Structure formats: C-alpha cells, structure tokens
Amino acid sequence: MPTREIYWNISGHFLMYILFLIALGVFAYGIYKRVKLWNQGEKENRSFNITYALRQIFLHQGLLKKSLPGFMHLTIFFGFLVLTIATILVAIQADFGLIILKGNFYLIFSLLTDLAGFLILIGIIIALSRRIFFTDTGLDNKWDDYIVLGIIGAIVITGFIIEGLRLDITQVAWAGWSPIGVLFSIPFRNVSITNQQSLHQILWWIHLLLAMFFIAYIPYSKLFHIIVSFLNQAYYQKDAGRVLTRLDLENEEAETFGVGASAQFTWKQRMDLDACTRCGRCQTNCPAYNSQKPLNPKELTQNLKSIMYKEELSNLPSSAQFAEVAATVKAKGLNNEISEDVIWSCTTCLACQEGCPVNVEHIQKIVDIRRYNVLTEGDFPGELQSTFRNIETNGNPWGISWSSRENWAKETNIPIGKSLEENTILYWPGCFGAYDERIKKVSQAFAQILQKANISFTILGNSEKCCGDSVRRLGNEYLYQMLVMENIETLQERGITKIVTQCPHCYNSLKNEYPKFGGNFEVSHHTEFINLLIKGGSFKQNIEKLATITYHDPCYLGRYNELYEAPRDILRTVKGLKLIEMPRNKENSFCCGAGGGRMWLEENIGNRISSLRAQEAANLNAELLCTACPFCLTMFSDEGEKGLPVKDIAEIILGDK
Amino acid sequence: MKVLVLVKETFDTEVKIVLENEIISEKDVKYIINPYDEFAIEEAIKIKEKLGGEVILYSVGREEASATLKTGLAMGADQANIIKSNVKNSMTVSQLLSEAINKHDNEFDLILAGWVSIDDNNAQVPGRLSQLLNIPFVNVVTKVDVTGEIVLCEREGEGCQEIVEVRIPAIIAVQRGINEPRYPTMKNIMQAKRKNVNLLELTAPIDKVKVSYQFPEQKNKGEIIDGSNPEQAAKVLVDRLKESKIL
C-alpha cells in the first residue's frame, strides 16, 4: 500500500524538537515585544470582527484588486496553507502514532503538497521579477524583502530535492504522484546511492533549519504581516477615516490635543504601522503623490513606524546611546521628523485606504497630527487663519456676511424658514450653494427640481452655518465642534428630521459625523434624492441632450459613501446622452484636490491635482464633465479653456438653457 | 514688564450698516476686535514672552464686549478691563481710558494700540491718551524692539525708514505688517476661560460731543454709451453733457 516512512534516512531527529522550541521561544518573544509596543499607545475601543478578516484572507478580496501582485500573493498564501496542513498531518502521524498517510489519501496528499510547492515557486518568481525587472510597481526593495523570498524559495526547493532523492533511492511505484519531486531528482540520478543518501541528510537538516528560522524570523521581519494583517483586518472599522474620532475638548487636564508624539497614537494606530508591508498600493491613486507633493502615504506610514521604534529604544535600559536618540525623538515630537508639507498635502480622498489590502488607516493619523499642529502648537499654513476666522465670525469660509446667506433663495422664491408640515424636507445648500456665484446656479437648479416634483421643502436661511467638514479635516476640532453644536441645535429647534444636501462634504458630515454629537437626521444627497424622484415618477424630465458626457465621482460621495450608481442612473435617463467613463472611475476615482480642507490652502508644490484630473477627462471623446460636488465643480471650472465644460448633475437633469 | 493694550470692539467688516434715527443699528451685528488692535495684542504678548510680565487689555464700550475680548485673552493676554460706556467720540473715550489707567494700572511700562480703528477711522485715541497721561507717543510703528528702558520703534516715513528711540513709559500705536497675530491654541482657550474680564464703571466725563451718522450721498451711476456707431455715440454724449449742464 502506498505510504512513506517518516524520518527515512534521518537519525537524531529529536534535535528538531529542541530547535522547534527555540524557534517558538524567539517567535513568542518577538510577538510579546510588538504587542507591548502597541500598547504603549492610547486607549481605543475596537471590536474584533473575525468574519471580515477571514473573508479578506481566504477570498483575497483586497489583494486581488490588483491582479498580478494579488495572484502572486494568492499562490504563496495557499501554497503555504497546504504545506502547513501537510506538516501538521505528518506531525500527527509521527508524534501521535495515528497512521493517516497511507493508501489513496497518501497519494492525493503527495500530489497536493507537490502542487502547493510548485505554486509557491511560481509566486516567488513573480515576486522577484516584479522587484528586479518591473518598474512602476510602487515597491521599494530592502534586504528584508529578498531574505524573506529567499527563505521561502529555499525551503521549497530543498524540500523538492529531498523528496526527489528519496523517491530515486527508494524507487517506489507511486513516485508519479509527486511529479515535481521526480523532476527535481533528475539532476541527481547519476550520483551514487551513498552520496545521494548523504546529500539527502544534509539537505534535510538545512530544510529544517530554514523552516525553524522562518518561524523565529516572523515577528522581526515583514513576515510579521502574516499575523498583524489578520489582526489589523479583524480590528478594522468601516468608518475609519470617513468619520473622524471625537476629540474630548472638555478635558481640563489635557496638556496637548491631537498627536504630537508616537505614543499619542492609539494602540490600533500603532498596530497599523506594523501591518504595512510597503506594497505601495496606497500611493497608486494618491493625488498628493501623483502630483509631486511631498506626501507619500506609504512613506508616511513607514516613517511613523520608524519613529515608533526609535521611541521604543529608550525603553532598553542597557543601551544608553539608543536612549539618547529616542529621547531626542520624544522631545522633538513628530513634527521634527515629518515635514509640515507632508501633513498638509493630504486631501483626505481615501484612495490610500481604498487601495490598502490590509486596511491601514491613514486619514485619521494625518488629521490627528494636524490637530496637534492647530490646537496645541497654533502652527498651520498662514492662509488658514482667515478661513478659520471667517467661519468663526460669519459661518462661511469666505467671511461673507452671515446675514446674506439666504440671498440666493430670495432671488428665486424659495421658502425660507417655512413652518414644517409633515414630510417637509430641509434643503441644505451649504456654504458653496449659498454664497458661490457658480454653485448658486446649482442650488437654484436643484430647488427647481424639488418644486417641479412638488416636494415640500424649506431652507434654514441665515441660521445655517458651515457644516464644519473642512475645518475638522484641517485639524481645528474646536471650531468644528462649535459649529456642530450650533447646527444641531438649530436643526433640532426647527424639528428637522429629513435633510437633503447637494454637497458631498456636507452630506458626509451631517449623515455620518453629526450622529456622534447627538444629531440624528435622515440625510440624503441630491443624487440619491433626484434618482428616487425620477424612479418614483414624481419628477419627469423630457429633455433630450445629444452629448457625450463623463461623470467624475466625488471622493466624499463615492469612496466615502459608496454612492456610485445613483448619479449614473440619473444620467442614463436622459435621452440621447451617452455616458462614458474615465480610466479612473468609481472607487478608483482621482480626487479633484479640494478635499481635506485643501480647498482653502494654496497649492504651491508640484502639479495642480485638478489639472491632472481635468486632463484625464479632456482626453476622452466627451463634450461635458459632470460632477455632483461643489468642490469638484469649482476646481474643474478653474481649469478654464484647458478642460471640458463642467456641470452639476442637477443642472444637466433640469436641462440647461 | 507691564503692557497695556487698548482694544476697540468693532463691527465685522461684512456687516451691512443700517441707520435708525442717525444712529447705527446694532441689530444682528457680529463684532470683532479691531484688526489693528489685534496686532497690538500680538506684539504685547511677544514682549511678555521675551521679557516676562503681564498684558492687560483696556476697552471702552459695551458690557457684552467681554465675549469679543476673550479672543485677546485666548491669544495670551492676562486680563481685560471694560470701561462700560456708550460714548463714541475719541476725546471722551481717551479721558475714560486715562482715568481708568491712572486708577488701576498707573505703574504700567508700555501702552500699545492699533493706530486706527476700522469703523470710524479717527486714529485719535492713542495720541490723545499720550497727552492725558503725559507720556511720549510713537505712531504707525511697524517694528518694536524693547531693551531695558529703551524701546526702538521703526516706522515708515516719507520715502524712508525712521527709527525712533523712546524711553518707557510710552504709548506706541502699531501698523499692519508689524506681526502676524496668532491663532489661539486649545490650551490658551482653556486658560482664557479662567481669566477675568473686569467691568469698570466710571462716572463719565460730560460728553460735549454729539456724534450722528449719515450715509454719503449716492453718486449718480455712470452710463456706458454704445460706441458701435461713433457718429451716433458722439451725439448722445453731447446731449448728455448738455443735460447735465456741463456744456
């Protein structure tokens, strides 16, 4: 019956157990050190979602968003999984005397392990080729990368040679079930049996040592992602970055606000830094990185990680020199290690988090550092001072009188502060919709749609204030919370329950962030709303527009709130309109450059982000660029002649004159 | 070093002026610290950071100005005094300030102020106050350097840069460009909550000046004459000039 003698040709295999214990010890110590390091951070409550983590791991959902590297990882992962199970089966048989590896099961076992090893070799070849021959992979190469690939490759190859030698010496009839092993035996067929046996023994021990080294090396290398990626995904929170954490500003004891030193990050944020394997997917679609700004999300994560480790060095009592390094890092804080331009370059577009296969949360960290700069140091780009003050005094970023906020509505007979009947909806135009000459036209178009559909609606008029999205993402949590409190009070006093916005930033803020401050409203974006009106038959448009159009997904609508289809559904209802997509669309949409408060900052470094996107649209055979966000609309309109004409979806659906 | 800063609460620049019986209506008005006074506060805090001491704000106006003055406290001033009064003319305001300062803080080293306020543009109070307190006055200063008893003040002269040396106590009125006022940090905002805004009630000197306000006369709007036909346009122009009796 087909089977195999375990420890064939090997003596002294008990040494293996000693080596295994040592490896496990080194492994455990490494894990302990890492966990301890994370826990030096601040507290944070996170739930452990094992289903999500397992789905990510076994279905490779995040990883396969990029096919070649995704496939590479898949081969190595599943290859290893099979080999690990096989090793466990061998151990059960060898150490517990349960004879499993016999008969047909053994044959299938042999074939599967061979194929698994082969799969891993393919993966290793892809990985090495990407690192050595491919450019533009987003990878940067370190010794660790080659060591890890080398160990894995060496383990598999030595394994195959050992198998091949055994098959050649023993000449069993079922050798064909280990095809790759047989293949590897070919070069050794002319070697004498004694030499084959010695070679087999030497390689067996090398194979074993490599495997033990692999285990011990895990917590000290990028291999650690095997563990930390799993943890990081299990502790992942869907709203991370989308809904920023609420800062306790009432705390009289607090000396600092925001994050100015690595230890002020939470344990999860610190674990995040370890989860990064430098794959570079975060930077692929990053508007800052792609427009030659100093921010590169991968580099930022790696720098924050190295700062965390430098801080840790001070905890080693024996090493005075390291302690000195660490002490300066601690005293200087993050700001001296990470340039301000890095921190202020982020548009919070969420492309990094969308790309990251292990759910590293970049946005919150960047905002945390901004919070420290603004709230603790009072240190931020000069142009923001007037933005903040304007919002403080007049509730809008331009500082236009708060008492002229409702003027746009007066011009078009829109009910202001109308008494609320049942089903009255509050239309929230936002600062752009109320003050900006161009966006006022969008507000008026949307109001006309509501009127045509006989929707009872009102606006807050002059008592509306900036929703606070920009100031929050610029780190001014104090001003943000004041705005939130005032707006929630106004809305609740008026008894508002349903809100519709035209600005995705107001939308995300009101819908997802206000509930954390006790403001619970049913919020929809005008694209959702118009789509429902059309589907429900209450808004009928008979326009015919013979044009080819492309739609730009605003970050705060798309990636933030996954509203990809509503705007496209609306556009598809227009007769004669042909909708074509830009190369980067939906979750891969490329930011206009105005999010995260960047609208209020000068763009002095590198290319203009909006120009890159406008060019992408202009390269298509389209006549019109459609969007659904006043920030995007403003940015693209500024491109002037170079770009396509830009319109909001409400204007298009109303049929522009 | 004890530095006093004269602060005026002014209308936000965006406020639309509404007159009721020749008095400016204060309904729906947002107030701010006069921006030039903000430069003075910033400069005072810088002096305090360099040399130690304290910064005290003085303001003549509404009781409710305390909310506005909190911004100054959050920037780093130590306390604020409001002399409650509704007088608007510079002479009486200066008299009130002089009286209050003599009574409460007569051992001051320096008084700083914005050189002008953006509401009435009078630019009189610092000068008048220097007379009443009998101390030297340097106006429209863009750089202040305090060393011991001597203060070096830079000011833009006619086509030149003047450096004025003045001995303390003195009053210095500052001009835009002297500094970039800071944005209050959380820590300072929290501390400001615990700082005092004192309300000083003084018997007002008899206000001999009556101030009333009127809008300037509306100027006639210009007219653009269609120039596509020059002959026609010239005729229209001559007609218009005759109508307005220029020809």
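The paragraphs below describe the predicted model of chains A and B, going from domains to single residues.

Chain A falls into four assigned domains: domain 1 spans 14-234, domain 2 spans 262-377, domain 3 spans 384-533 and domain 4 spans 539-654. Taken over C-alpha atoms, the centres of domain 1 and domain 4 of chain A are 47 Å apart. Chain B has two assigned domains, with bounds 2-200 for domain 1 and 217-247 for domain 2. The centres of these two domains of chain B, again over C-alpha atoms, are separated by 50 Å.

The overall dimensions of chain B fit well into this part of the account. Its C-alpha atoms occupy a box of roughly 75 × 45 × 40 Å along the principal axes. The radius of gyration of chain B is 23 Å, whereas a compact globule of 247 residues would have a value near 18 Å. Of the 247 residues in chain B, 37% are buried. Its secondary structure consists of six helices and 13 strands. When contacts in chain B between residues at least 6 apart in sequence are considered, 71% of them link residues at least 24 apart.

A parallel sheet in chain A offers a good place to look more closely. This open sheet has four strands, arranged in the order E2-E1-E3-E4. Its edges are formed by strand E2 (457-458) and by E4 of chain A, each of which pairs on one side only. Helix H23 of chain A, residues 504-513, packs on the sheet and touches E1, E3 and E4 of chain A. The direction of H23(A) makes about 160° with that of E4(A). Within the sheet, strand E1 of chain A (residues 425-428) pairs with E3(A) in the parallel sense, over three bridges. In this pairing, Leu426(A) of chain A has Ile499(A) in E3(A) as its bridge partner.

Helix H24 of chain A, residues 526-535, is also in contact with part of this region. Eight of the ten residues of H24(A) are buried, and the helix is mostly covered. The buried set comprises His526(A), Thr527(A), Glu528(A), Phe529(A), Ile530(A), Asn531(A), Leu533(A) and Ile534(A). These buried residues pack against two strands of chain A, E3 (498-501) and E4 (522-525), and against the helices H20 (437-452), H25 (565-572) and H28 (649-654) of chain A. After H24(A) comes Gly537(A), which has a positive phi near 85°.

Helix H9 of chain A is likewise mostly covered, with eight of its nine residues buried. Those buried residues are Lys268(A), Gln269(A), Arg270(A), Met271(A), Asp272(A), Leu273(A), Asp274(A) and Ala275(A). The loop between H9 (267-275) and helix H10 (281-284) of chain A holds Arg278(A). Arg278(A) is a residue other than glycine with a positive phi, near 65°. Because 19 C-beta neighbours lie inside 10 Å, Arg278(A) counts as partly exposed, the threshold for a buried residue being 20 or more.

Two further backbone features deserve mention. Most residues other than glycine have a negative phi, and most peptide bonds are trans. Asn359(A) is not a glycine, yet has a positive phi of about 60°. Asn359(A) is found in the loop between helix H15 (351-355) and H16 of chain A. Asn359(A) is buried, because 21 other C-beta atoms lie within 10 Å. In chain B, the peptide bond from Ile168(B) to Pro169(B) is cis, with omega near 0°. Pro169(B) sits in the loop between strand E11 (161-167) and strand E12 (170-174) of chain B.

Finally, the two chains meet in a contact that takes 18 residues from chain A and 16 residues from chain B. On the side of chain A that touches chain B, the elements giving two or more residues are helix H16 (362-377) and helix H17 (383-394) of chain A. H17(A) gives the most to this side, with four residues. By residue type, the side of chain A that touches chain B comprises seven nonpolar, nine polar and two charged residues.

Key. Residues are numbered from 1 along each chain as its sequence is written. Chains are lettered from A and ligands numbered from 1 in the order in which they are written. This is a predicted model: local features need pLDDT of at least 70, side-chain atom pairs count only at pLDDT 80 or more; totals for chains, interfaces and linings use all residues. A residue is buried if 20 or more other C-beta atoms lie within 10 Å of its own, exposed if 12 or fewer, and partly exposed in between; C-beta atoms are placed from the backbone. Two residues are in contact if their C-beta atoms, placed from the backbone, lie within 7 Å. Domain bounds come from an automatic or database domain assignment. Ala, Val, Leu, Ile, Met, Phe, Trp, Tyr, Cys and Pro count as nonpolar, Asp, Glu, Lys and Arg as charged, and the others, Gly among them, as polar. Two strands pair if DSSP finds at least two bridges between them. Axes are lines fitted to C-alpha atoms, for helices over the stretch in contact, and angles run from 0 to 180 degrees between N-to-C directions. The radius of gyration is taken over C-alpha atoms; the globule rule is 2.2 Å times the number of residues to the power 0.38.
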